[in-house]
2 protein chains.
Amino acid sequence: MRTSQYLLATQKETPAEAEVISHQLMLRAGMVRKLASGLYTWLPTGLRVLNKVAAIVRDEMNKAGAIEISMPVVQPGDLWVESGRWDDYGPELLRIKDRHNRDFVLGPTHEEVVTSLVKNEISSYKQLPLNLYQIQTKFRDEVRPRFGIMRSREFIMKDAYSFHIDAQSLDQTYQRMHQAYCNVFERIGLSYRPVIADSGSIGGAVSHEFHVLADSGEDDIAYSDASDYAANVELAEAIALGQVRAGSAQLTLVDTPGAKTIQAIATLLKCDVKQTVKTLIVKADETSEHEFVALVLRGDHSLNSIKVEKLALIASPLQMADEAAVKAKLYCGFGSLGPVGLSIPVIVDRSAETVADFICGANTEAQHFTGANWQRDVKTYVVEDIRDVVAGDPSPDGNGTLAITKGIEVGHIFQLGDKYSKAMNCGVLTETGKHDLLQMGCYGIGVTRIVAAAIEQHNDKFGIIWPQSIAPFSVVIIPMNMHKSALVKEVAEKLYKDLCDVGVDVLFDDRKERPGVMFNDMELIGIPYSVVIGERNLDNQQIEIKNRKSGEKTLLEVDNLLEYIKNLG
Amino acid sequence: MRTSQYLLATQKETPAEAEVISHQLMLRAGMVRKLASGLYTWLPTGLRVLNKVAAIVRDEMNKAGAIEISMPVVQPGDLWVESGRWDDYGPELLRIKDRHNRDFVLGPTHEEVVTSLVKNEISSYKQLPLNLYQIQTKFRDEVRPRFGIMRSREFIMKDAYSFHIDAQSLDQTYQRMHQAYCNVFERIGLSYRPVIADSGSIGGAVSHEFHVLADSGEDDIAYSDASDYAANVELAEAIALGQVRAGSAQLTLVDTPGAKTIQAIATLLKCDVKQTVKTLIVKADETSEHEFVALVLRGDHSLNSIKVEKLALIASPLQMADEAAVKAKLYCGFGSLGPVGLSIPVIVDRSAETVADFICGANTEAQHFTGANWQRDVKTYVVEDIRDVVAGDPSPDGNGTLAITKGIEVGHIFQLGDKYSKAMNCGVLTETGKHDLLQMGCYGIGVTRIVAAAIEQHNDKFGIIWPQSIAPFSVVIIPMNMHKSALVKEVAEKLYKDLCDVGVDVLFDDRKERPGVMFNDMELIGIPYSVVIGERNLDNQQIEIKNRKSGEKTLLEVDNLLEYIKNLG
């Protein structure tokens, strides 16, 4: 491709609208343009990258035995009624009416459509397992689209759906897809982690997310420094920090005027916050005889609402109690609550249980206990894992210590079980002749989002640094003052032709621009190698090739250049 | 690909819902499934064909200098208000509201979006010409979707848009795209015609359609038997059949009781219908001082409404006059109208003008004139081309005679001029420093429709006959009773591996099915070559290869097979 016949569309200024680096660089490098909130046009440079990502995803899906199909973007609403998601899904599901006033949706995901398809096409266990995928435009009407194509409304997703006669077969395909996802991110050249995840509203029991590690990530990931263990902090199991032991101190009531926070109590009583516990009041499940439940954490720990919501006693979604209602019930405000003598159910975090002789609110305004102990002073309570893990916690797999990092979610795989096959009655005849519901898995990759995540991980102050696997071009030819030098022009044109002939994805910057403008543009776009052709080097039969990532410059004999470029990684 | 790990989805019965052969065969061959009216899922076999068509289109676009981008499916309504098409476009334009109650549309075409893009990106004539294309999902809310994917609501289109500083540059790109379209259809292996077309609601002056010739086509195409001339019948110029001459007969009033049609008049008066003229009354344009206009055609010709609508005097869209209103104005009903003594403007078709001594209505109920002549009996009239051409007409380019055939429109190219650039103020600075509006062209190919059109043109009673260029697989291996013969299995497996290794797109039918079932399925799907591996032939070191199109069977030495298949066209 010649730049003179291309839409380069680079920009010098950083657009004010772009908060994250990938969004800034995608606009500046001429990869995308905003059409409206959450809607982006992919310009030629961006589309080249996107297509390379999609090709790698497609290849790994095919190798994993998945079969490509293409389902409509527009889906009938009645299928969503059948699955129950017409009501469950929020306004992210864009509902539309056609000219005959019939309900349709713009597909954010395709469980309903594919289950309906398989229900009609597959009748026997002999046709299973079956794994169908597509790479397709999706729409999710985000309330606040942001970070460019990272969280846009229209986006490209690879979504796969597998169908099985039993859980064992589902697990086999799930593991195969897990491996295929690892292959995708490794081939692209991204630093990533598969992490244990919550399956959320999609449903099902087992689930992993795939995160590209980057400081700008919206998710916190806990991972072991000594094993493969990694989980979204939402879900990472928090191990008890130490053994449960009986204390020796006496339960003592102390005045704590004005000390309403854990930090204030620790300062006032001159103790470590780890010696304190804090008590939070949340609403009980409506089937409970109680209105409230008390949650007790070590003073320095934070509540994990995802874990708490899954407990039987607790209302879901989690609702913190209103202070006035708590006062009316417990005769004490939020600053001085504690588990001793409380009239509502008490759930104690595993690590809070290991604190002996602890300090806690006394359920009387401006008073606390010191020297409190479980069992002796608090008779009835249950122990659960209700806190977020923190850096330094032991890894729940028993190997090493947890660290926390930021990640960008680019993939998510689920063992759905029979959630959709049950709702839509999708089954087959088994070997023994009975009709069984199918087990399903589903597997998503954010194809557009990978592009942004790769930039978040690979950039410097000059612009993007593409891994060769997904670079818009492998090499750029930058001729210096070609329009004045017949020799430069001749060598550049010949090299361009030779590279095209051997199938190298090459850009030829044949614009009438100053060398500095060309260098800046090509570093911004992030092409892995620049071949700089200038008269001075040509006088010595040499050409310079520059590595975008390392900055290293190599002088090569003109005659060796073609072979050298063909062998670049 | 092995059929045992594939979704073959063939069907024996012809689905009742499918009217045309391509729709029937696409369902039976497991290429598509209907999700809802006008919405189809592409199954693996169909998607393979679709992707091959798209790849050919993409390659020819790139060769023609067009640059690929990807614009959103969902477009802001305000752009359509800006271009004026928010009001002009009918209910085929699906209008939707997002969660914030803002107007959007599902894109049926992208003139607005691309014009808005180019307006922002291009500022100088030096960046022109520019030709941008995409291959993308479109939506048109057809009132009556039919013929499967031939006229569906969701479909894949290649749409390109070119931008130019002047009409000459536009014409150059237009010719280049015309050639690229010819290349696409030739490479696929379709019998097609580029035809002169009406530019309709898209706008602009010059326009060509590309039609795949097939009896089931919805369009009538007139083409010369002696030149390249071809045009949609809607637009084909009708030449006067003969010279205008003065007649010799006397104008005579005759009674024609009960004869209300041209055929009845000809029978009653024992003359050729070619000796009669018929008079149709249509509404005049609202700027006219008249309410009606009379249109006069030779008795055997039919009115071309597209041609008539373009005439200055006539209301557009064309509206035939109501008989009661005509009677009130002209004191005569439809059966006895004629041009002699009529009080409203008269437009005479070129060929009607060449009839001397003609028969026409006398503007009195149940009476006609014989021996009527232009000029002598009808003083004031204008002559225009207002009829459809018919087979046997002289070709308007002066070479040969017209024939009429049916075509399926698969492409349409337009010289738009400044219709959109004017409405949306899209211009650049010219060489002389002034701001000029851009000239635009647009170029569409129905990628999904090509698949159906190819089947309409290439099928027999056994199923589809794919051209090799877009066949879902190039070759299928059919082993006879592989599950009983270790030798057949060994040879088949080895051949499959060898073909995969050299990159042949091969299907291996490894199902436990009777040979007859396999043969029928593979003929239905239309794979160009079947390699039949059976014990009897293997005993002679031979394998049979069958050509789907010719039915020809060839016996080959096992050792020569691989080379033979690699060289198949």
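1. A friendly start with the symmetry: chain A superposes on chain B by a rotation of 180° with 0.2 Å of shift along the axis, at an RMSD of 0.2 Å. The two copies are therefore related as by a two-fold rotation axis. Within chain A, A:Ile96 has the C-alpha nearest that axis, 3.0 Å away. Do keep in mind that this is a predicted model.

2. Now to how the chains meet. In the interface, 50 residues of chain A are in contact with 50 residues of chain B. Of the interface residues of chain A, 100% are also interface residues in chain B, so the copies meet through the same surface.

3. Between them, chain A and chain B bury about 4000 Å², and 67% of that area lies on carbon and sulfur atoms. If you would like residues to look at in chain A, A:Leu7, A:Leu35 and A:Arg99 lose the most area to chain B, together 16% of what that side buries.

4. Inside chain A, have a look at helix H2 (residues 44-63) and helix H6 (residues 167-188): their axes come within 9 Å and cross at roughly 150°. Angles over 145 degrees count as roughly antiparallel, and H2(A) and H6(A) are therefore roughly antiparallel to each other. The crossing of these two helices is right-handed.

5. As for the residues behind that helix contact, H2(A) contributes A:Val53, A:Ile56, A:Val57, A:Asp59, A:Glu60, A:Met61 and A:Lys63. From H6(A) come A:Arg176, A:Met177, A:Ala180, A:Tyr181, A:Asn183, A:Val184, A:Arg187 and A:Ile188. Sorted by class, the contact of H2(A) with H6(A) has nine nonpolar, one polar and five charged residues.

Key:
Residues numbered from 1 in each chain as written. Chains lettered and ligands numbered in written order. Predicted model: local features only at pLDDT ≥ 70, side-chain atom pairs only at ≥ 80, totals over all residues. Heavy atoms only, no water. Axes fitted to C-alpha atoms, helices over the stretch in contact; angles between N-to-C directions. Helix = DSSP H or I, 4+ residues; strand = E, 2+ residues; numbered from the N terminus. Parallel < 35°, antiparallel > 145°, perpendicular 65-115°, else oblique. Left-handed = near helix turned anticlockwise from the far one by under 90°. Contact = heavy atoms within 4.5 Å. Nonpolar A, V, L, I, M, F, W, Y, C, P; charged D, E, K, R; others polar. Least-squares fit on C-alpha atoms with pLDDT ≥ 70 in both. Buried area = accessible area lost by both parts, 1.4 Å probe.
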